[in-house]
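Me: I should like a close look at a single part of the structure shown here, followed by a connected account of its surroundings. Please keep to what the model itself supports.

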Amino acid sequence: MKKLHTTTPHFIKCLKPNMEKRGQLFVADEMLAQLRYTGIVGLCKIRQIGYPERMPLDEFALAYNPLCFGQPTPEDLILALAEEGVLKDGLWVLGTTK
C-alpha cells in the first residue's frame with residue numbers, strides 16, 4: 001500500500017470504433033455509447049461547468065506566482081490572491097496531501 005500511495009495512477013480506456021473490428025470504419029453512435037458507459041461524457045460535463053481540477057500546490061504556485069510577486073511560499077501566494085479577489089470566497093479550498 002505504501003508503494004501504491006506514492007504513485008500517480010493513470011487509467012487508459014480502450015474504445016472500439018466499430019463492432020465489426022474492421023479498419024477504416026468509425027461508427028459514431030457506438031463510440032458515444034461507450035463514452036457514456038465508461039463515464040467519460042459525464043466527466044467532461046462536470047469539468048465543463050467548472051468543478052475542480054486538483055492541482056498540486058507547487059504547480060499552482062509556479063503557474064500563478066507572477067500574479068503576486070514576492071510571495072515566499074505557495075500558501076502565501078494563495079492568501080494574497082484571495083485578498084486581491086482573484087480567488088473568490090467559497091470557490092477554492094487549500095487541501096492536504098496524504
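Is Tyr-64 buried, partly exposed or exposed? Please begin with that residue and then work outwards to the remainder of the chain.

Reply: The model is a predicted one, and every value below is computed from it. Tyr-64 is partly exposed, because its relative accessibility is 34%, which lies between the 20% limit for buried residues and the 50% limit for exposed ones. Tyr-64 is located in helix α4. On the surface, Tyr-64 joins Met-55, Leu-67 and Val-86 in a nonpolar patch. Together these four residues have about 370 Å² of accessible area.

Helix α4, the element that holds Tyr-64, also takes part in the interior. The largest nonpolar core consists of eight residues: Phe-60, Ala-61, Cys-68, Leu-77, Ile-78, Ala-80, Leu-81 and Leu-87. At least two residues of this core come from α4 (57-64), and at least two come from α5 (74-83). The greatest contribution is that of α5, which provides four residues. As a general matter, nonpolar side chains in soluble globular proteins tend to be buried together. Within the core, Cys-68 has contacts with Leu-77, Ala-80 and Leu-81, when residues up to four places away in sequence are set aside.

Another core residue, Ile-78, offers a link to the segment that follows α5, where Val-93 is found. Val-93 and Ile-78 are 15 residues apart along the chain, and their C-alpha atoms are separated by 9.8 Å. Val-93 itself is exposed, because its relative accessibility of 74% is over the 50% limit. A second distance relates Val-93 to His-5: the two are 88 residues apart in sequence, with 22 Å between their C-alpha atoms. His-5 belongs to helix α1 and is likewise classed as exposed, at 56% relative accessibility.

The account now turns to the region that follows α1. The loop between α1 (2-5) and α2 (28-37) contains Lys-21, and Gln-24 is also placed in the loop between these two helices. Most residues other than glycine have a negative phi. Lys-21, which is not a glycine, has a positive phi of about 55°. Gln-24, also a residue other than glycine, has a positive phi near 60°. As to their surroundings, Lys-21 is exposed at a relative accessible area of 68%, and Gln-24 is exposed at 87% relative accessibility.

Helix α2 supplies two further points of reference. Asp-29 is in this helix and is exposed, with a relative accessible area of 66%. The C-alpha atoms of Asp-29 and Asn-18 are 9.4 Å apart, while the two residues are eleven places apart in sequence. Gln-34 is in α2 as well, yet Gln-34 counts as buried, because its relative accessibility is 15% and the limit for that class is 20%. Setting aside residues up to four places away in sequence, Gln-34 touches Cys-14, Leu-15, Lys-16 and Met-19.

One of these contacts of Gln-34, Cys-14, leads to the matter of disulfides. A disulfide is a covalent bond between the sulfur atoms of two cysteines. The structure contains zero disulfides. For Cys-14, the closest cysteine sulfur is that of Cys-44, at 17 Å, which is too far for a bond; a disulfide would require the sulfur atoms to be within 2.5 Å. Cys-44 is also in no disulfide, its nearest cysteine sulfur being that of Cys-14, 17 Å away. The two cysteines fall into separate accessibility classes: Cys-14 is exposed, with a relative accessible area of 70%, whereas Cys-44 is partly exposed at 49% relative accessibility.

To return to the residue of the request, Tyr-64 is a partly exposed residue of helix α4 and a member of the surface patch that includes Met-55, Leu-67 and Val-86. Helix α4 also supplies at least two residues of the largest nonpolar core.

Methods: Residues are numbered from 1 along each chain as its sequence is written. This is a predicted model: local features need pLDDT of at least 70, side-chain atom pairs count only at pLDDT 80 or more; totals for chains, interfaces and linings use all residues. Side-chain values use heavy atoms; hydrogens and water are left out. A nonpolar core is a set of buried Ala, Val, Leu, Ile, Met, Phe, Trp, Tyr and Cys residues joined through side-chain atoms within 4.5 Å. Buried means under 20% relative accessible area, exposed over 50%, partly exposed in between (1.4 Å probe, protein chains only). Contact means heavy atoms within 4.5 Å. Patches are made of residues with over 30% relative accessible area and no salt bridge: like charges are joined within 9 Å, nonpolar side chains (Val, Leu, Ile, Met, Phe, Trp, Tyr) within 5 Å. Accessible areas come from the Shrake-Rupley method with a 1.4 Å probe; for residues, only the protein chains shown count as cover. A salt bridge is a side-chain nitrogen of Lys or Arg within 4 Å of a carboxyl oxygen of Asp or Glu.
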